[in-house]
Amino acid sequence: MDSVTLDQPSSGIQVEDKGLKKNAISFVSNIVIGVASTAPAYSLAATLGYIAAVSGLGLQSPAVLLVCFFPMAAIAAAYYYMNRADPDCGTTFTWMTRAMGPWLGWQGGWAIVVADVLVMPSLASVAGIYTCSLVGVNNPSTLAVTIIGIAWIVIMTVICYIGIEISATTQRFLLGMEFGTLVIFAVVALIKVYASHPAHSIEPTLAWFNPFAVTSFSALDGGILLAVFVYWGWDSGVTVNEETEDSSTAPGRAAIVSTFVLVGIYLLVATAAQAFGGVMSLAAHPNDVLAPLGNGVLGSPLDKLLIIAVLSSASASTQTTILPTARTTLSMARMKAIPKQFGNIHPRFLSPGFSTIWMGVVSTFVYVLLSATSPVNLIGDAFTSLALTIAFYYGFTGFACVIFYRRELLKSARNFLYIGVLPFFGGAVLTWVLIKAVLVYSKPHAGFAKPFLGIGSPIAIAILMIIIGLVLMIVQRITMPEYFQRRLEVVDPSVLADAPAGRAS
Amino acid sequence: MSRGIVVGYDGSECAKSALHAAAEVARTYSEPLTIAFAYEVSPVGGELHDYHLALKDLATRRLNEAKELTAGAPGQIDTTIVERAPAEGLAELADELDARVIVVGTRGESALRGALLGSTSHKLLHLSRRPVLVVPIDYE
């Protein structure tokens, strides 16, 4: 780690909070964290097929990835300003609690946990499938994938529990490899498309990037909902940005750079994959789009590089799923919103031990449950409801920012735009996507699995999660009422005034 | 100015042994003793403010405990929180204080277990530019 900090020894114990400024990390590390937390190779491997499978979307998958960038960038502004006012590892939970009250705040925290738990089956099955591809098994049985997937969750949970963290250098190396492989894959695929026209290949046209070329509105909406997922995670880069070494760096510069890096790589790879294999090949294997394509594009044994890139990306993603979830529940416990054991720090490993183990156990349980229903693709449906959950809490973070800063919005045009208009726009778009998606996916045959009680399975999973959340919240209200008596807060105006020189620009 | 003794303390049984030995050394040679709790918060995994506070709370509690354990010992005793990975942090603190020796406990684990779970004493032996005193867990 680049962080070097020593408190001056003194006769007393230093307890005052000096913030994390001194724990500075470099600008490049910051970009790496933002991009690595989003796990581009895994995100593409897990999402591209599902986006291509949205009926009516046609060739416009790249357009969907492009469109989704705008509301997500707007939400990034909300994260940036909320983090500035209250750098709390509960993020959405804490911010919604302050701006919108404890009830909604609790649901915000619950949404983060649900999203993280629902992504684990997808992560684990991608890890399982790609591990099999790596050793040359191309159509592994569900049982084999599940066993490898469970082993994966257990290993990653233990790593987070023991607190083994890969160093910044290793992380840079892994991310560099992931990026290099994706770029090589995309470039080779495009060259082959133009040079040798492999079967099913199509030459890209500008219309692929044009969202208005999507004929069906609900298809665009469904696509955007799934695309929310590929950008999920770069709030890590936004929120640690405050700690950048060079304090004169313009605000969020690392976050902005990592966003553009992501958009670029997503568009490139999505275009190349679609051009090489056509839409059908993407939609036919929604769980493992890159593995079969990699073999066609790079040939053996180079295609293994792509598989290794997806696996290392998935491992980074598992870590950046377990760590923030454990930190969210730690934060909730410290605010007395959930039992205090979740705030326990392991005496030796200094990790949020209880929260971490709990996260691993619940994830494994959900994964086994969803896998047991095979051959119906409940993991795919869980993935869709995961996107709903992310849209909910990202959207509400946007609104929370506007509400929390409401007294500051009219003080300058800059405030109005960055703290008012942008977060509201992001929140509104995501809410709209959410509502539309609920209408679409609640139809009986919208999911991969059979409908439950006449409701499409993605929505049925979401409703189940909401009910569990409400029950747990009411139990909390009865057993630990203190948190629920919190009052609404607004931002302290000095948060904006205190901005160090160079940050206010 | 005397150069002092640095001891790593995390509240574990072996840390208590180390503290005991360090206090003994400090008393024998009339050196000031600095008790340090070291931890690292990694920015990987996003937001960490609350986690950082929780660690700081824990460190403060442990150091208070250490103060109580060494209450009544003659000489100057300081406590400090080092925000860095323990082995690197202790080595650096010792350099900064120009300490004579760094004292740490050892859990008495097998080499494999230590390698898997992370052994501060082992890392420190390689990192430190100063003498290191490693205290076995059952030292009284």
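Student: Which residues of H8(A) meet residues of H15(A)?

Tutor: In this predicted model, Ser218(A), Asp221(A), Gly222(A), Ile224(A) and Leu225(A) of H8(A) are in contact with Val433(A), Lys436(A), Ala437(A) and Val440(A) of H15(A). By class, the residues of this contact are 5 nonpolar, 2 polar and 2 charged. Asp and Lys count as charged, and the contact includes Asp221(A) and Lys436(A). Gly is placed among the polar residues, and Gly222(A) takes part in the contact.

Student: Why are H8(A) and H15(A) called roughly perpendicular to each other?

Tutor: The axes of H8(A), residues 217–231, and H15(A), residues 413–441, cross at roughly 110 degrees and come within 9 Å. Angles of 65 to 115 degrees count as roughly perpendicular. The two helices therefore receive that description. Their crossing is left-handed.

Student: What makes H14(A) roughly antiparallel to H15(A)?

Tutor: H14(A) and H15(A) pack with their axes 8 Å apart and at an angle of about 150 degrees. The term is used for angles over 145 degrees, and H14(A) is therefore roughly antiparallel to H15(A). The crossing of H14(A) and H15(A) is left-handed.

Student: Which classes of residue make up the contact of H14(A) with H15(A)?

Tutor: That contact has 16 nonpolar, 7 polar and no charged residues. On the side of H14(A), the residues include Leu388(A), Phe392(A), Phe396(A) and Phe399(A). On the side of H15(A), they include Pro423(A), Phe424(A), Leu430(A) and Leu434(A). Val433(A) and Ala437(A) of H15(A) meet residues of H14(A), and Val433(A) and Ala437(A) also meet residues of H8(A).

Student: How do you know that H4(A) is largely enclosed by the rest of the structure?

Tutor: A residue is buried if 20 or more other C-beta atoms lie within 10 Å of its own. In H4(A), residues 92–100, 8 of the 9 residues are buried, so the helix is largely enclosed. Among the buried residues are Phe93(A), Trp95(A), Met96(A) and Arg98(A). The buried residues of H4(A) pack against H3, H5, H12 and H14 of chain A. Just after H4(A), Gly101(A) has a positive phi of about 100 degrees.

Student: Why does Lys336(A) count as partly exposed, and what does Leu350(A) count as?

Tutor: A residue is exposed with 12 or fewer C-beta neighbours and buried with 20 or more, and partly exposed in between. Lys336(A) has 16 such neighbours inside 10 Å and therefore counts as partly exposed. Leu350(A) has 22 and so counts as buried. Lys336(A) is found in the loop between H12 and H13 of chain A, and Leu350(A) is found in that loop as well.

Student: What is notable about the phi values of Lys336(A) and Leu350(A)?

Tutor: Most residues other than glycine have a negative phi. Phi of Lys336(A), however, is positive, near 65 degrees. Leu350(A) is not a glycine either, yet its phi is positive, about 60 degrees.

Student: In chain B, what makes S2(B) largely enclosed by the rest of the structure?

Tutor: In S2(B), residues 33–39, 7 of the 7 residues are buried, so the strand is largely enclosed. In a regular strand the side chains alternate between the two faces of the sheet. Leu33(B), Ile35(B), Phe37(B) and Tyr39(B) point one way, while Thr34(B), Ala36(B) and Ala38(B) point the other way, and all are buried.

Student: How do you know that S1(B) pairs with S2(B) and with S4(B)?

Tutor: Two strands pair if there are at least two bridges between them. S1(B) and S2(B) share 4 bridges in the parallel sense, with Val6(B) opposite Thr34(B). S1(B) and S4(B) also run parallel, joined by 3 bridges. Opposite Ile5(B) stands Val101(B), and opposite Val7(B) stands Val103(B). S4(B) in turn pairs with S5(B) over 5 bridges, again in the parallel sense.

Student: Why are S3(B) and S5(B) called edge strands?

Tutor: The open sheet of 5 strands has the order S3-S2-S1-S4-S5 in chain B, with parallel pairing. S3 and S5 each pair on one side only. Neighbouring strands of the sheet are turned by 25 degrees against each other on average, direction ignored. H1(B), residues 13–29, packs on this sheet and touches S1, S2, S4 and S5 of chain B.

Technical notes. Residues are numbered from 1 along each chain as its sequence is written. Chains are lettered from A and ligands numbered from 1 in the order in which they are written. This is a predicted model: local features need pLDDT of at least 70, side-chain atom pairs count only at pLDDT 80 or more; totals for chains, interfaces and linings use all residues. Axes are lines fitted to C-alpha atoms, for helices over the stretch in contact, and angles run from 0 to 180 degrees between N-to-C directions. Angles under 35 degrees count as roughly parallel, over 145 as roughly antiparallel, 65 to 115 as roughly perpendicular and the rest as oblique. A crossing is left-handed if the near helix is turned anticlockwise from the far one by less than a right angle, and right-handed if clockwise. Two residues are in contact if their C-beta atoms, placed from the backbone, lie within 7 Å.
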